[in-house]
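Work through the following exercises with the sequence and the structure at hand, and try each task before reading its solution.

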Amino acid sequence: MQATRRHHQKSRTGCMTCKQKKIKCDELKPACQYCILRSIPCTYPSPKSSSPNPNHGPRTPNGQITNSLGVSTPSVSSPFISTPLTSATPLALSSCHPAVGAQWSLSDLELLHFYTASTSLTFSNVPARRHVWQYVVPQIAFSHDFLLHGLLALAALHLSRISPKRKDSLWASASTHHAIALPMFRSAVESINSLNRHACSAFGVLVTVYEWASTEHTSNLFFANAEYSTEASTIEWVQLLRGSAKIVSCYYEEVAKGPLEPVLRWDNTAELEAEANPAESAKFSALEQLWDSTRVPVTAAEVDSLQEALRWLKIIYTMMTTPSSNNDPASAALSWPARVPEHYLSMVSERQPAALILLTHFCLLLNKVEDFWWIRGMSRRLLQEIHQTLGAEWETWIAWPLQDLVLSEFKQQSSLKAIQT
(Lines give C-alpha, C1' and ligand atoms only; values in the text may rest on other atoms or scores of the structure.)
Protein backbone atom coordinates (compact mmCIF):
# COMPACT_ATOMS: atom_id res chain seq x y z
CA MET A 1 0.00 0.00 0.00
CA GLN A 2 1.36 3.39 -0.92
CA ALA A 3 2.25 5.53 2.06
CA THR A 4 0.46 8.83 2.36
CA ARG A 5 2.40 11.99 3.09
CA ARG A 6 1.66 13.73 6.35
CA HIS A 7 0.00 17.05 5.73
CA HIS A 8 1.59 20.09 7.37
CA GLN A 9 -0.34 23.30 7.65
CA LYS A 10 1.61 26.05 5.96
CA SER A 11 2.69 28.99 8.06
CA ARG A 12 2.18 32.25 6.20
CA THR A 13 3.33 34.44 9.07
CA GLY A 14 6.56 32.68 10.01
CA CYS A 15 9.96 34.38 10.23
CA MET A 16 12.04 35.11 7.15
CA THR A 17 14.74 32.59 8.11
CA CYS A 18 12.30 29.67 8.37
CA LYS A 19 10.72 30.69 5.08
CA GLN A 20 14.11 30.67 3.37
CA LYS A 21 14.94 27.29 4.90
CA LYS A 22 11.45 26.04 3.93
CA ILE A 23 10.78 24.72 7.42
CA LYS A 24 7.76 25.22 9.67
CA CYS A 25 8.17 28.19 12.01
CA ASP A 26 6.65 28.07 15.49
CA GLU A 27 6.06 31.86 15.14
CA LEU A 28 7.13 32.65 18.70
CA LYS A 29 7.93 36.29 19.32
CA PRO A 30 10.33 38.03 19.46
CA ALA A 31 12.23 35.11 17.95
CA CYS A 32 11.27 31.55 17.03
CA GLN A 33 12.99 28.61 18.70
CA TYR A 34 14.87 27.69 15.49
CA CYS A 35 16.62 31.05 15.46
CA ILE A 36 17.11 31.20 19.23
CA LEU A 37 18.86 27.83 19.41
CA ARG A 38 21.26 28.96 16.66
CA SER A 39 21.59 32.57 17.91
CA ILE A 40 20.81 33.92 14.45
CA PRO A 41 18.72 37.00 13.59
CA CYS A 42 14.99 36.30 13.55
CA THR A 43 13.01 38.77 11.46
CA TYR A 44 9.29 38.71 10.85
CA PRO A 45 7.66 40.38 7.87
CA SER A 46 6.05 43.69 8.70
CA PRO A 47 2.25 43.52 8.80
CA LYS A 48 0.36 45.26 6.04
CA SER A 49 -0.84 48.69 7.07
CA SER A 50 -4.29 48.02 5.67
CA SER A 51 -4.85 45.00 7.90
CA PRO A 52 -7.45 45.75 10.56
CA ASN A 53 -6.53 45.04 14.17
CA PRO A 54 -9.54 44.02 16.24
CA ASN A 55 -7.59 44.63 19.46
CA HIS A 56 -7.23 48.35 18.78
CA GLY A 57 -10.01 50.47 20.16
CA PRO A 58 -10.99 53.95 19.09
CA ARG A 59 -8.27 56.59 19.31
CA THR A 60 -8.48 59.71 21.41
CA PRO A 61 -7.43 63.07 19.93
CA ASN A 62 -3.94 62.76 21.45
CA GLY A 63 -3.28 59.48 19.62
CA GLN A 64 -3.98 57.13 22.52
CA ILE A 65 -6.05 53.98 22.38
CA THR A 66 -8.96 53.33 24.69
CA ASN A 67 -9.72 49.83 25.88
CA SER A 68 -13.11 48.37 26.70
CA LEU A 69 -13.09 50.09 30.09
CA GLY A 70 -12.50 53.48 28.54
CA VAL A 71 -9.00 53.79 30.06
CA SER A 72 -6.53 55.30 27.65
CA THR A 73 -3.08 53.78 27.07
CA PRO A 74 -0.19 55.09 24.95
CA SER A 75 -0.04 53.94 21.34
CA VAL A 76 3.28 52.05 21.03
CA SER A 77 4.73 50.18 18.05
CA SER A 78 5.76 46.57 18.54
CA PRO A 79 9.30 46.46 19.98
CA PHE A 80 9.97 43.14 18.28
CA ILE A 81 9.50 44.10 14.63
CA SER A 82 11.22 47.29 13.63
CA THR A 83 10.87 50.20 16.06
CA PRO A 84 12.50 49.61 19.47
CA LEU A 85 10.97 51.13 22.56
CA THR A 86 12.83 54.13 23.92
CA SER A 87 14.55 53.47 27.23
CA ALA A 88 13.81 57.04 28.26
CA THR A 89 10.05 56.38 28.20
CA PRO A 90 9.03 55.43 31.77
CA LEU A 91 5.99 53.29 32.39
CA ALA A 92 3.96 53.57 35.57
CA LEU A 93 3.38 49.90 36.32
CA SER A 94 1.06 50.61 39.17
CA SER A 95 -0.21 53.68 40.96
CA CYS A 96 0.52 51.79 44.18
CA HIS A 97 4.22 51.64 43.32
CA PRO A 98 5.29 55.08 42.07
CA ALA A 99 8.98 54.24 42.57
CA VAL A 100 8.68 51.35 40.17
CA GLY A 101 7.02 53.52 37.58
CA ALA A 102 9.85 56.03 37.81
CA GLN A 103 12.59 53.42 37.51
CA TRP A 104 11.50 50.87 34.91
CA SER A 105 10.81 51.72 31.27
CA LEU A 106 8.98 50.11 28.39
CA SER A 107 12.25 48.82 26.97
CA ASP A 108 12.89 47.15 30.35
CA LEU A 109 9.55 45.39 30.00
CA GLU A 110 10.59 44.22 26.56
CA LEU A 111 13.81 42.79 28.01
CA LEU A 112 11.96 41.13 30.87
CA HIS A 113 9.58 39.50 28.42
CA PHE A 114 12.47 38.32 26.28
CA TYR A 115 14.21 36.91 29.34
CA THR A 116 11.22 34.82 30.41
CA ALA A 117 10.37 33.72 26.86
CA SER A 118 13.88 32.98 25.57
CA THR A 119 16.98 33.76 27.63
CA SER A 120 15.87 31.79 30.69
CA LEU A 121 15.74 28.63 28.54
CA THR A 122 19.41 28.90 27.54
CA PHE A 123 21.06 28.19 30.91
CA SER A 124 20.38 24.47 31.05
CA ASN A 125 18.94 21.52 29.17
CA VAL A 126 17.38 20.08 32.34
CA PRO A 127 13.63 20.89 32.51
CA ALA A 128 13.54 21.39 36.29
CA ARG A 129 16.39 23.89 36.13
CA ARG A 130 14.83 25.71 33.19
CA HIS A 131 11.66 26.09 35.23
CA VAL A 132 13.60 27.79 38.02
CA TRP A 133 15.29 30.28 35.70
CA GLN A 134 12.10 30.99 33.76
CA TYR A 135 9.56 31.35 36.57
CA VAL A 136 11.14 31.23 40.02
CA VAL A 137 14.10 33.59 39.59
CA PRO A 138 12.00 36.43 38.06
CA GLN A 139 9.63 36.16 41.04
CA ILE A 140 12.60 36.52 43.40
CA ALA A 141 13.90 39.43 41.31
CA PHE A 142 10.70 41.43 41.83
CA SER A 143 11.79 41.81 45.48
CA HIS A 144 15.49 42.46 44.76
CA ASP A 145 16.40 45.16 42.26
CA PHE A 146 19.98 43.99 41.74
CA LEU A 147 18.74 40.61 40.53
CA LEU A 148 16.16 42.22 38.24
CA HIS A 149 18.84 44.45 36.74
CA GLY A 150 20.96 41.32 36.24
CA LEU A 151 18.15 39.59 34.34
CA LEU A 152 17.64 42.60 32.09
CA ALA A 153 21.37 42.99 31.40
CA LEU A 154 21.71 39.40 30.26
CA ALA A 155 18.49 39.54 28.23
CA ALA A 156 19.81 42.61 26.40
CA LEU A 157 23.00 40.77 25.41
CA HIS A 158 21.03 37.76 24.23
CA LEU A 159 18.58 39.87 22.24
CA SER A 160 21.50 41.65 20.55
CA ARG A 161 22.58 38.30 19.07
CA ILE A 162 19.18 37.85 17.47
CA SER A 163 18.62 41.49 16.53
CA PRO A 164 22.04 42.65 15.28
CA LYS A 165 20.66 45.92 13.91
CA ARG A 166 19.95 46.97 17.49
CA LYS A 167 23.25 45.71 18.89
CA ASP A 168 24.69 49.10 19.91
CA SER A 169 21.63 50.21 21.85
CA LEU A 170 21.12 46.80 23.44
CA TRP A 171 24.74 46.56 24.56
CA ALA A 172 24.45 50.04 26.04
CA SER A 173 21.34 48.94 27.91
CA ALA A 174 23.10 45.79 29.11
CA SER A 175 26.08 47.78 30.38
CA THR A 176 23.81 50.21 32.23
CA HIS A 177 21.83 47.48 34.00
CA HIS A 178 25.02 45.58 34.84
CA ALA A 179 26.71 48.69 36.27
CA ILE A 180 23.66 49.38 38.45
CA ALA A 181 23.38 45.78 39.65
CA LEU A 182 26.97 45.18 40.83
CA PRO A 183 27.20 47.71 43.69
CA MET A 184 23.70 46.76 44.82
CA PHE A 185 24.73 43.11 44.86
CA ARG A 186 27.88 43.83 46.88
CA SER A 187 25.81 45.79 49.38
CA ALA A 188 23.37 42.88 49.67
CA VAL A 189 26.19 40.42 50.29
CA GLU A 190 27.63 42.60 53.06
CA SER A 191 24.29 42.38 54.88
CA ILE A 192 23.21 38.94 53.69
CA ASN A 193 20.27 37.43 55.52
CA SER A 194 17.46 34.93 55.09
CA LEU A 195 15.56 37.37 52.87
CA ASN A 196 18.24 37.99 50.20
CA ARG A 197 20.46 34.89 50.19
CA HIS A 198 18.45 33.25 47.37
CA ALA A 199 18.72 36.39 45.25
CA CYS A 200 22.47 36.63 45.91
CA SER A 201 22.98 32.99 44.93
CA ALA A 202 21.08 33.41 41.66
CA PHE A 203 22.88 36.63 40.79
CA GLY A 204 26.26 34.94 41.15
CA VAL A 205 25.36 32.60 38.30
CA LEU A 206 23.78 35.32 36.15
CA VAL A 207 26.75 37.66 36.39
CA THR A 208 29.06 34.84 35.31
CA VAL A 209 26.95 34.12 32.25
CA TYR A 210 26.87 37.88 31.55
CA GLU A 211 30.66 38.16 31.64
CA TRP A 212 31.02 35.19 29.32
CA ALA A 213 28.46 36.58 26.89
CA SER A 214 29.99 40.06 26.92
CA THR A 215 33.46 38.78 25.94
CA GLU A 216 32.07 37.99 22.51
CA HIS A 217 35.29 38.34 20.49
CA THR A 218 37.91 38.26 23.23
CA SER A 219 39.58 35.63 25.36
CA ASN A 220 40.29 37.58 28.55
CA LEU A 221 37.98 35.56 30.78
CA PHE A 222 40.88 34.28 32.85
CA PHE A 223 43.51 36.91 32.18
CA ALA A 224 43.85 40.17 34.03
CA ASN A 225 44.53 43.41 32.22
CA ALA A 226 48.27 43.78 31.71
CA GLU A 227 48.08 47.44 32.74
CA TYR A 228 47.43 46.44 36.32
CA SER A 229 49.50 44.50 38.78
CA THR A 230 48.80 40.82 39.34
CA GLU A 231 47.73 41.36 42.94
CA ALA A 232 45.11 44.00 42.05
CA SER A 233 43.73 42.45 38.92
CA THR A 234 41.88 39.31 39.96
CA ILE A 235 39.24 38.48 37.38
CA GLU A 236 36.02 39.91 38.77
CA TRP A 237 33.53 37.35 37.46
CA VAL A 238 35.56 34.51 38.97
CA GLN A 239 35.46 36.17 42.36
CA LEU A 240 31.72 36.83 42.07
CA LEU A 241 31.08 33.21 41.10
CA ARG A 242 33.26 31.92 43.92
CA GLY A 243 31.62 34.34 46.33
CA SER A 244 28.22 33.04 45.31
CA ALA A 245 29.43 29.48 45.84
CA LYS A 246 30.59 30.44 49.34
CA ILE A 247 27.16 31.89 50.08
CA VAL A 248 25.55 28.62 49.04
CA SER A 249 28.09 26.68 51.09
CA CYS A 250 27.59 28.77 54.24
CA TYR A 251 23.79 28.67 54.02
CA TYR A 252 23.42 25.37 52.21
CA GLU A 253 20.82 23.91 54.56
CA GLU A 254 18.53 26.90 54.06
CA VAL A 255 19.24 27.58 50.36
CA ALA A 256 19.07 23.92 49.30
CA LYS A 257 15.59 23.66 50.78
CA GLY A 258 14.44 26.82 49.01
CA PRO A 259 13.18 27.67 45.53
CA LEU A 260 16.65 27.33 43.91
CA GLU A 261 17.08 23.71 44.95
CA PRO A 262 16.92 22.23 41.40
CA VAL A 263 19.63 24.64 40.23
CA LEU A 264 21.92 23.99 43.20
CA ARG A 265 21.52 20.23 43.17
CA TRP A 266 24.80 18.31 42.84
CA ASP A 267 25.03 14.54 42.40
CA ASN A 268 27.44 13.52 45.16
CA THR A 269 27.15 9.85 44.24
CA ALA A 270 28.15 10.58 40.64
CA GLU A 271 31.06 12.67 41.94
CA LEU A 272 32.41 9.79 44.03
CA GLU A 273 32.03 7.37 41.13
CA ALA A 274 33.79 9.78 38.77
CA GLU A 275 36.69 10.21 41.18
CA ALA A 276 37.03 6.45 41.62
CA ASN A 277 36.80 5.70 37.89
CA PRO A 278 37.95 8.77 35.93
CA ALA A 279 37.57 8.87 32.17
CA GLU A 280 40.72 9.24 30.08
CA SER A 281 42.77 8.53 33.19
CA ALA A 282 46.05 8.04 31.31
CA LYS A 283 45.80 11.39 29.49
CA PHE A 284 45.04 13.32 32.66
CA SER A 285 47.77 11.52 34.61
CA ALA A 286 50.27 12.50 31.93
CA LEU A 287 49.76 16.15 32.91
CA GLU A 288 51.22 15.45 36.34
CA GLN A 289 54.58 14.78 34.69
CA LEU A 290 54.69 18.48 33.84
CA TRP A 291 55.20 19.59 37.44
CA ASP A 292 56.88 16.38 38.60
CA SER A 293 59.83 17.12 36.30
CA THR A 294 62.37 19.92 36.41
CA ARG A 295 60.95 21.40 33.20
CA VAL A 296 58.65 23.71 35.13
CA PRO A 297 59.98 25.10 38.43
CA VAL A 298 57.12 25.08 40.93
CA THR A 299 56.91 25.25 44.70
CA ALA A 300 55.26 22.62 46.88
CA ALA A 301 52.25 24.90 47.41
CA GLU A 302 51.88 25.41 43.65
CA VAL A 303 52.03 21.64 43.07
CA ASP A 304 49.20 21.16 45.59
CA SER A 305 47.09 23.78 43.78
CA LEU A 306 47.75 22.19 40.38
CA GLN A 307 46.89 18.74 41.71
CA GLU A 308 43.61 19.95 43.21
CA ALA A 309 42.62 21.77 40.00
CA LEU A 310 43.45 18.65 38.00
CA ARG A 311 41.47 16.45 40.40
CA TRP A 312 38.32 18.51 39.85
CA LEU A 313 38.94 18.64 36.12
CA LYS A 314 38.99 14.83 35.97
CA ILE A 315 35.85 14.52 38.11
CA ILE A 316 33.79 17.03 36.13
CA TYR A 317 35.00 15.71 32.77
CA THR A 318 33.98 12.19 33.78
CA MET A 319 30.56 13.35 35.03
CA MET A 320 29.96 15.22 31.76
CA THR A 321 30.90 12.21 29.63
CA THR A 322 28.70 9.83 31.66
CA PRO A 323 25.06 9.89 30.49
CA SER A 324 22.73 10.78 33.35
CA SER A 325 19.30 12.34 33.59
CA ASN A 326 20.48 14.39 36.59
CA ASN A 327 23.56 15.73 34.86
CA ASP A 328 23.54 19.37 33.78
CA PRO A 329 26.61 19.81 31.53
CA ALA A 330 26.63 23.62 31.50
CA SER A 331 26.36 23.84 35.29
CA ALA A 332 29.05 21.20 35.72
CA ALA A 333 31.45 23.01 33.38
CA LEU A 334 30.80 26.33 35.10
CA SER A 335 31.52 24.81 38.51
CA TRP A 336 35.21 24.15 37.76
CA PRO A 337 36.40 27.78 38.15
CA ALA A 338 34.51 27.91 41.45
CA ARG A 339 36.15 24.74 42.79
CA VAL A 340 39.81 25.25 41.92
CA PRO A 341 42.13 26.71 44.61
CA GLU A 342 42.60 30.47 44.78
CA HIS A 343 46.33 29.93 44.44
CA TYR A 344 45.82 28.24 41.08
CA LEU A 345 43.92 31.27 39.74
CA SER A 346 46.82 33.46 40.84
CA MET A 347 49.15 31.22 38.86
CA VAL A 348 46.92 31.67 35.81
CA SER A 349 47.01 35.45 36.25
CA GLU A 350 50.79 35.25 36.38
CA ARG A 351 50.63 33.12 33.20
CA GLN A 352 52.71 30.33 34.59
CA PRO A 353 53.10 27.59 31.93
CA ALA A 354 51.87 24.70 34.10
CA ALA A 355 48.72 26.59 35.10
CA LEU A 356 48.01 27.67 31.50
CA ILE A 357 48.47 24.16 30.13
CA LEU A 358 45.99 22.86 32.70
CA LEU A 359 43.61 25.68 31.75
CA THR A 360 43.66 24.56 28.10
CA HIS A 361 42.21 21.26 29.31
CA PHE A 362 39.28 23.19 30.78
CA CYS A 363 38.39 23.62 27.10
CA LEU A 364 37.54 19.90 27.07
CA LEU A 365 34.55 20.83 29.23
CA LEU A 366 33.66 23.88 27.16
CA ASN A 367 33.65 21.86 23.94
CA LYS A 368 30.86 19.71 25.34
CA VAL A 369 28.58 22.71 25.91
CA GLU A 370 29.48 24.69 22.79
CA ASP A 371 25.81 24.84 21.75
CA PHE A 372 24.99 27.36 24.50
CA TRP A 373 25.08 30.85 22.95
CA TRP A 374 27.01 32.40 25.85
CA ILE A 375 29.73 29.72 25.66
CA ARG A 376 29.98 29.38 21.88
CA GLY A 377 33.45 30.15 20.55
CA MET A 378 35.07 30.61 23.98
CA SER A 379 37.06 27.37 23.77
CA ARG A 380 38.68 28.39 20.48
CA ARG A 381 39.52 31.91 21.72
CA LEU A 382 40.93 30.62 24.99
CA LEU A 383 43.12 28.04 23.24
CA GLN A 384 44.39 30.63 20.78
CA GLU A 385 45.30 33.04 23.58
CA ILE A 386 47.16 30.39 25.57
CA HIS A 387 48.91 29.02 22.48
CA GLN A 388 50.19 32.49 21.63
CA THR A 389 51.34 33.00 25.22
CA LEU A 390 53.13 29.67 25.60
CA GLY A 391 54.68 29.38 22.16
CA ALA A 392 55.37 26.36 19.96
CA GLU A 393 57.60 24.62 22.51
CA TRP A 394 54.56 23.63 24.60
CA GLU A 395 52.31 22.44 21.75
CA THR A 396 52.66 18.74 22.62
CA TRP A 397 51.20 19.44 26.07
CA ILE A 398 48.00 20.98 24.65
CA ALA A 399 47.53 18.57 21.72
CA TRP A 400 44.54 16.82 23.33
CA PRO A 401 42.31 19.92 23.80
CA LEU A 402 43.30 21.18 20.35
CA GLN A 403 42.29 17.90 18.72
CA ASP A 404 39.08 17.80 20.75
CA LEU A 405 38.21 21.32 19.58
CA VAL A 406 38.64 20.36 15.92
CA LEU A 407 36.43 17.29 16.42
CA SER A 408 33.79 19.33 18.28
CA GLU A 409 33.61 21.98 15.54
CA PHE A 410 33.41 19.30 12.86
CA LYS A 411 30.45 17.68 14.62
CA GLN A 412 28.71 21.04 14.93
CA GLN A 413 29.13 21.82 11.25
CA SER A 414 27.83 18.36 10.32
CA SER A 415 24.79 18.88 12.56
CA LEU A 416 24.02 22.27 10.99
CA LYS A 417 24.27 20.81 7.48
CA ALA A 418 21.94 17.98 8.49
CA ILE A 419 19.39 20.50 9.79
CA GLN A 420 19.59 22.65 6.67
CA THR A 421 19.13 19.76 4.23
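**Exercise 1.** Decide where the largest pocket lies with respect to domain 1 (106–222) and domain 2 (267–420), and describe its lining.

*Solution.* In this predicted model, residues of domain 1 and residues of domain 2 both belong to the lining of the largest pocket, so the pocket lies between the two domains. The next step is its extent: the space in this pocket amounts to about 1,000 Å³, and 40 residues line it, with L264, W266, S331, S335 and R339 lying nearest the centre. Taking the elements in turn, two or more lining residues come from each of helix 5 (127–141), helix 8 (197–214), helix 9 (236–250), helix 11 (261–264), helix 12 (268–276), helix 14 and helix 15 (329–339). Sorted by class, the lining of the largest pocket consists of 20 nonpolar, 12 polar and 8 charged residues.

**Exercise 2.** Find how many cavities of 30 Å³ or more the structure holds, and work out which helix gives the largest share of the lining of the largest cavity.

*Solution.* A count with that cut-off returns 1 cavity, and the volume of the largest cavity is about 30 Å³. Its lining is made up of G150, A153, H178, A181, F203, L206, V207 and Y210. When these residues are assigned to elements, helix 6 (145–162), helix 7 (167–190) and helix 8 are each found to supply at least two of them, while helix 8, with 4 residues, provides the largest share. By class, 6 of the lining residues of this cavity are nonpolar and 2 are polar, with no charged residue among them.

**Exercise 3.** Determine how helix 14 (residues 300–321) is oriented against helix 17 (residues 353–360) and against helix 13 (residues 281–292), and compile the residues in each contact.

*Solution.* Begin with helix 17, whose axis is 11 Å from that of helix 14, the packing angle being about 5 degrees. Because angles under 35 degrees count as roughly parallel, helix 14 and helix 17 are roughly parallel to each other. On the helix 14 side the contact uses L306, A309, L310 and L313, and on the helix 17 side A354, A355 and L358; by class, this contact has 7 nonpolar residues and neither polar nor charged ones.

Turn next to helix 13, where the axes come within 11 Å of each other and cross at roughly 170 degrees. Since an angle over 145 degrees counts as roughly antiparallel, helix 13 is roughly antiparallel to helix 14. Here F284, L287, E288 and W291 of helix 13 meet V303, L306, Q307, L310, L313, K314 and Y317 of helix 14, and the residues of this contact comprise 8 nonpolar, 1 polar and 2 charged.

Technical notes:
Residues are numbered from 1 along each chain as its sequence is written. This is a predicted model: local features need pLDDT of at least 70, side-chain atom pairs count only at pLDDT 80 or more; totals for chains, interfaces and linings use all residues. Side-chain values use heavy atoms; hydrogens and water are left out. Axes are lines fitted to C-alpha atoms, for helices over the stretch in contact, and angles run from 0 to 180 degrees between N-to-C directions. Angles under 35 degrees count as roughly parallel, over 145 as roughly antiparallel, 65 to 115 as roughly perpendicular and the rest as oblique. Contact means heavy atoms within 4.5 Å. Ala, Val, Leu, Ile, Met, Phe, Trp, Tyr, Cys and Pro count as nonpolar, Asp, Glu, Lys and Arg as charged, and the others, Gly among them, as polar. On a 1 Å grid over the protein atoms alone, a cavity is a set of points where a 1.4 Å probe fits but cannot get out, and a pocket is an open set with protein on both sides within 12 Å along at least five of seven lines; lining residues have an atom within 4 Å of a point. Grid points are joined across faces, edges and corners, and a volume is the space filled by probe spheres set on the points. Domain bounds come from an automatic or database domain assignment.
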